[in-house]
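Work through the exercises below with the model open. Each task is followed by a solution in steps.

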Amino acid sequence: MKRILSNLAVMATGAALLAAPAMAAPVAAPTPFVPTADMVNKGDVAWMMVSTALVLMMSVPALALFYGGLVRAKNMLSVLMQVLTIVCVAALVWFGWGYSMAFTSTGTPFPALFGGLDKAFLKGVNPGTFAATFSNGVYLPELVFVMFQMTFACITPALIVGAFAERVKFTPLIIFVVAWMTLAYFPIAHMVWYWAGPDFLHAAPTDTGLLWGWGALDFAGGTVVHINAGIAGLIGCLVIGPRIGYKKEPMPPHSLVMTMIGASLLWIGWFGFNAGSALESNAFAALAFINTFVATAAAGATWAIIEQITHKKPSLLGGVSGVVAGLVAITPAAGFAHPGTAIILGAVASVICYVFVTTVKNKLNYDDSLDVFGIHAVGGIVGAVGTGIVADPALGGQGWIDYTAPVAVAGGFDLVGQVTTQIYAVGVTVAWTGIVSAVLFLALKYTIGLRPDAEAETNGLDITEHGERAYN
């Protein structure tokens with residue numbers, strides 16, 4: 001999922017004119033590369049449109065049901081409404097300025113950090129413009145790429161709400177989402193995924209986002225989606241504070257049946273999330289598909305085994321938690337790992353997330369309601385750093401591709417160097433979203449307020465915020 005648009009066009013041909021001797025005959029500039037409609041494959045287009053629908057399903061209904069089942073009955077509708085509205089608002093923000101900020105490098109003073117507004121409101125984007133894939137001479141209609149990336153922009157802020165579920169007011173939350181997307185999601189997406197495209201990068205090797213230029217690998221969103229949302233969720237739950245009665249009264253999920261349905265739909269939709277990030281219907285999409293399958297299976301089984309050993313009773317809540325941890329961890333590595341190392345990565349992530357959810361959270365006493373930090377941030381960090389290992393061709397991985405060659409070629413793989421780069425990318429993501437999230441949450445807390453009063457929270461957000469109940 002990281003590339004950009006052909007019609008950004010690349011000021012591609014200056015390099016050939018550098019340093020010519022004064023008396024030499026003028027060298028004619030090469031003809032700029034221009035994608036055409038015959039470079040679009042209908043199979044790729046069909047797969048990407050299906051993937052787009054699958055990723056949208058991950059937000060509504062999958063994430064909404066997953067989160068809704070985990071809260072108490074008096075807050076069920078509030079979670080559904082939060083997720084639904086965030087999807088609606090995020091889609092419109094993406095159309096307005098998000099796509100341009102994430103996937104252009106023009107009209108901005110800091111092209112390595114975020115794009116400008118040249119394509120705001122999809123200016124210049126039409127059925128005749130194209131988006132690059134990872135293959136020379138293979139393109140998608142730009143509108144397909146816009147829609148696919150829109151679904152990622154929709155689910156990422158929706159993930160955040162689970163960290164402080166049952167204790168946040170609706171309007172401040174939506175204001176936060178718009179500001180956070182603008183200041184955190186779009187810049188990080190740009191830094192990780194923006195580049196000129198394989199037919200252009202050799203002539204414009206610095207036309208990339210900061211982390212892409214460093215060589216950080218993130219196939220489908222370990223940094224952009226999961227670490228980004230997980231850290232924001234942690235900051236939010238710390239600023240808002242714990243739920244009334246936290247650790248003093250039981251707060252069990254009101255419907256693990258709904259949570260199971262949501263988790264299952266998440267797993268299905270995740271095939272579009274990960275395999276769709278290949279941007280083509282090809283062998284790398286198939287690799288991402290099987291890795292998403294087996295890593296998740298390993299993580300779910302591992303969590304159940306841990307509970308069997310520690311509690312003698314494997315729980316459904318633990319099973320679905322393990323499944324989501326595996327999905328999160330394999331996301332950045334999906335198109336790089338061998339299925340065997342994907343299984344190991346899923347299992348390792350499940351163990352580490354289990355420790356954070358059951359032990360670290362209790363010891364540090366933060367109320368991450370639905371374990372957004374413990375699963376998404378921690379699992380995302382494990383996956384992002386682990387990608388530097390499992391991508392190693394010596395372990396059956398795919399290595400990395402040097403797109404600065406006129407025809408892309410495999411690059412030499414340095415395991416230590418790649419893992420170091422992955423750690424740097426994680427650090428930048430944590431710092432950027434942590435600072436932005438803290439500023440936004442604190443600003444809202446001390447202006448219009450983030451939290452309902454004690455009576456409203458006790459009565460439940462369904463009736464106090466939305467005037468209706470999930471169950472009558």
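**Exercise 1: helix H7**

Task: Find what covers the buried residues of H7.

Solution. Among the elements that cover the buried residues of H7 are H1, helix H3 (142–160), helix H6 (222–240), H8 and H9. This is a predicted model. Next, list the residues that are covered: Thr259, Gly262, Ala263, Leu266, Gly269, Trp270, Phe271, Gly272, Phe273, Asn274 and Ala275 are buried in H7.

Task: Compare the span of H7 with the expected span.

Solution. Helix H7 runs over residues 256–275 and has 20 residues. At 1.5 Å a residue, the helix should span 28 Å. The C-alpha atoms at its ends are 28 Å apart, so the two values agree. Then look along the helix for a bend: H7 has a kink of about 30°, centred on Gly269. Gly269 is also one of the buried residues of H7.

**Exercise 2: two pockets**

Task: Describe the largest pocket and its lining.

Solution. Start with the volume, about 790 Å³. The lining has 35 residues, and Trp212, Leu217, Trp400, Ile401 and Tyr403 lie nearest the centre. Sorted by class, the lining holds 17 nonpolar, 13 polar and five charged residues. Helix H4 (170–193), helix H5 (210–214), strand S3 (401–402) and helix H12 (415–445) each contribute at least two residues.

Task: Which element gives the largest share of the lining of the second largest pocket?

Solution. The second largest pocket has about 630 Å³ of space. Its lining has 23 residues, with Leu317, Val357, Lys361, Ser369 and Asp371 closest to the centre. Helix H1 (42–70), helix H8 (283–311), helix H9 (316–330) and helix H10 (339–364) give two or more residues each. H10 gives the largest share, four residues.

Terms used. Residues numbered from 1 in each chain as written. Predicted model: local features only at pLDDT ≥ 70, side-chain atom pairs only at ≥ 80, totals over all residues. Heavy atoms only, no water. 1 Å grid on protein atoms, 1.4 Å probe; cavity = no way out; pocket = protein on both sides within 12 Å on 5 of 7 lines; lining within 4 Å. Points joined across faces, edges and corners; volume = space filled by probe spheres on them. Nonpolar A, V, L, I, M, F, W, Y, C, P; charged D, E, K, R; others polar. Expected span 1.5 Å × (residues − 1). Bend = angle between axes of the 7 residues up to and from the residue. Buried < 20%, exposed > 50% of the residue type's maximum accessible area, 1.4 Å probe, protein only. Contact = heavy atoms within 4.5 Å.
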